[in-house]
Amino acid sequence: MSFFEQYGTFAILVVLGCLLYALIMVVSRVMRPSVPSPQKLTTYECGVPAEGTGWTQVNIRYYVFAFLFVIFDVEAIFLFPWAVIVGGLDATTPVSPMFAVVAMFLFIGTLLEGLAYAWKKGVLRWD
Amino acid sequence: METPLWVPLLQVVVIFTYYLLLTALLIWAERRVVARMQSRLGPNRVGPFGILQTLVDGVKMFFKEDVTPGMVNKLIFNIAPIVGVVAGFLSIAVIPIGGEVTLFGETFTLVVSDLNVGVLWVLAMGSLHVYSTFLAGWASNSPYPLMGGIRSSAQMVSYEIAQGLAVASVFIYTGSLRVSDIVAAQSGSGFVEGVPGWYAIPLFPAFMVFVIGMVAEAGRPPFDLAEAEGELVGGFNTEYSGLRFGMFMLAEFMSVVTMSAIVVTLFLGGPAGPTFGAPDAVAGLIGVFWFTLKTALFIFLFILLRGALPRYRYDRLMNLGWKVLIPVALVWTLVTAGMVLLEQEQGGFGAGLRLTMASAAGVILLWLVATSRTPRDAGDRADHHEVAPAPGDPAAGGDDDVLATHGEDVPRTEEVSP
């Protein structure tokens, strides 16, 4: 399958999607009313004037979960190529299936241990 | 043979329209079904059974003023909905909605592009969707959107991992990321002759993780914490109005359709199904019917979940993702790899042995899920049958009450008719 056949139709979809969005926005700009007022520029608040800046404090846990996410997402990326080839391995391939499976067991085992450690340490708790 | 340009063009337009149509029908079906679950009628005026309601609502959006508040970061505020919608459009690119159709002397493949990185593309587009949510929340420069944006980013990335790990076991079985290969690998018979070889059966735990993950990824009830109306007004899209708000809604509903299509493709055989001996030229069109039917089932599941379940609490949501789904998906990947290895060493299992192993694994997994559940709050289940009847209740104890008041000679207010 040629490069164009794989990605050519794809490019059509990208262009079509962007065109549709542009078309919707242009048509909407022509049709919609515009009644500007200073009230509409203010920060949303439930019926009272907004206090302070637009920033707000969020739970520090999000930061920890972001780290955990990076670790496990990278793991998934390592896992995919392995998952694709592991079913096709046999005695004739340079790597034996047993080696591939055991190696991945060790890798996943290490990460599971890490998750268990984070769990034990209370990192995964919300309160 | 050189194919003329209009063939891929028509192909793309047809598939694009198919998904847009499905999205519009989903919105209508959701309103009707949820209305029925709440003893209401739902939209029933525009067109037969109100089926054109979505169209009319869409047109209405064009006439709504689009306000950009003063404090926002304008560039990112404008980019966020584009990212969401375009990522939604693009993730449908690799999912085949049917087989090959030969019409007018040309062969149409009912998929936009059968990439060799197929499923990876879908997952990548799912990740891009997180950007849309987060950037919208951040650029709004306003408390509610910021909190909604951060909440839903954390939720989406957590469940994304679970989903990705669940998909890995499909790759182990298939040995390919290409979606057409995954569909083809499920076309045979499963464990037992006559049962379709859909991965939902041998990979049931991965399937369950994926289905739960997809509800959370799409940000739908019971996992719609991004826009918990009671707490966050509207979540990340609070400051949006007019059509750009509509675009976020479109992206959300589109992701429901996309997710249903993906789960059907990965675990339920995609467009495979009986063709009733139709000629090869149009057999691919029957695939569209099966695909639509299976996808509609999952869309219906989404709607039922919304109608039936209350919103999850945030800590429970994260617990479910990190303490149940991710370990289950990881362990199941190991089990799958081990099974494939054993099968190679032994040169294939008999049907009986496979069935036994599968059920044993299922039992172990269920046990894991059951024991790792967070304990119920003590006050959650009060026993109601021991509660004494309320005083003055006419059905029980009412007469005694009257006698008692008479005995003590307390003046009573009588009901006097005017």
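Helices and strands are taken here as DSSP runs, at least four residues long for a helix and at least two for a strand, and they are numbered from the N terminus. Counted that way, chain B of this predicted model has 13 helices and 2 strands. Chain B runs to 418 residues, and 46% of them count as buried. Take the contacts in chain B whose partners are separated by 6 or more positions: 75% of these link residues 24 or more positions apart.

Chain A comes in two pieces, domain 1 (1-32) and domain 2 (60-127). The C-alpha centres of these two domains of chain A lie 38 Å apart.

So much for the chains one by one; next comes the place where they touch. Chain B puts 64 residues into the contact, and chain A puts in 56. On the chain B side, the elements giving two or more residues are α1 (6-37), α3 (74-91), α5 (143-174), α9 (242-267) and α11 (314-346). Sorted by class, this side of chain B has 44 nonpolar residues, 14 polar ones and 6 charged ones.

Then there is the inside. In soluble globular proteins, nonpolar side chains tend to be buried together. In this model, the largest nonpolar core has 131 residues, and B:Phe267 and B:Ala329 are the ones with the most contacts inside it. The element that gives the most to this core is α5(B), with 18 residues. Chain A joins in too: at least three residues of the core come from each of its domains, domain 1 (1-32) and domain 2 (60-127). As for B:Ala329, and setting aside neighbours within four places in sequence, its contacts are B:Ala162, B:Leu165, B:Ala166, B:Ala206 and B:Val209.

Back at the start of chain B, how do α1(B) and α2(B) sit against each other? Their axes are 8 Å apart and make an angle of about 105°, with α2 covering residues 53-62. Angles of 65 to 115 degrees count as roughly perpendicular, and α1(B) and α2(B) are therefore roughly perpendicular to each other. The residues that meet are B:Ala24, B:Ile27 and B:Trp28 from α1(B), and B:Gln53, B:Thr54 and B:Leu55 from α2(B). By class, this helix-to-helix contact has 4 nonpolar residues, 2 polar ones and no charged ones.

The loop between α1 and α2 of chain B has a couple of backbone oddities. B:Ser39 sits in that loop, and its phi is near 60°, a positive value in a residue other than glycine. B:Ser39 counts as exposed because just 6 other C-beta atoms lie within 10 Å, and the cut-off for exposed is 12 or fewer. B:Phe49 belongs to the loop between α1 and α2 as well, and its phi is near 55°, again positive in a residue that is not glycine. With 14 other C-beta atoms within 10 Å, B:Phe49 is partly exposed.

Further along chain B there is a cis peptide bond, the one from B:Pro221 to B:Pro222, with omega near 5°. B:Pro222 is in the loop between α7 (204-217) and α8 (229-232) of chain B.

Helix α10 (residues 280-308) of chain B holds B:Leu285, and B:Ile299 is in α10 of chain B too. Is each of them buried, exposed or partly exposed — and what are the counts behind the label? B:Leu285 has 18 C-beta neighbours inside 10 Å, so it counts as partly exposed. B:Ile299 has 24 other C-beta atoms within 10 Å, so it is buried; the cut-off for buried is 20 or more.

Their partners can be listed as well, leaving aside neighbours within four places in sequence. For B:Leu285 they are B:Gly98 and B:Val101. For B:Ile299 they are B:Leu26, B:Val256, B:Val257 and B:Ser260. One of these, B:Val257, is 42 residues from B:Ile299 along the chain, yet their C-alpha atoms are separated by 6.7 Å. B:Leu285 and B:Gln344, on the other hand, are 59 residues apart in sequence and 37 Å apart in space, C-alpha to C-alpha.

Definitions and conventions:
Residues numbered from 1 in each chain as written. Chains lettered and ligands numbered in written order. Predicted model: local features only at pLDDT ≥ 70, side-chain atom pairs only at ≥ 80, totals over all residues. Contact = placed C-beta atoms within 7 Å. Nonpolar A, V, L, I, M, F, W, Y, C, P; charged D, E, K, R; others polar. Axes fitted to C-alpha atoms, helices over the stretch in contact; angles between N-to-C directions. Parallel < 35°, antiparallel > 145°, perpendicular 65-115°, else oblique. Core = buried A, V, L, I, M, F, W, Y, C linked by C-beta atoms within 7 Å. Domains from an automatic or database assignment.
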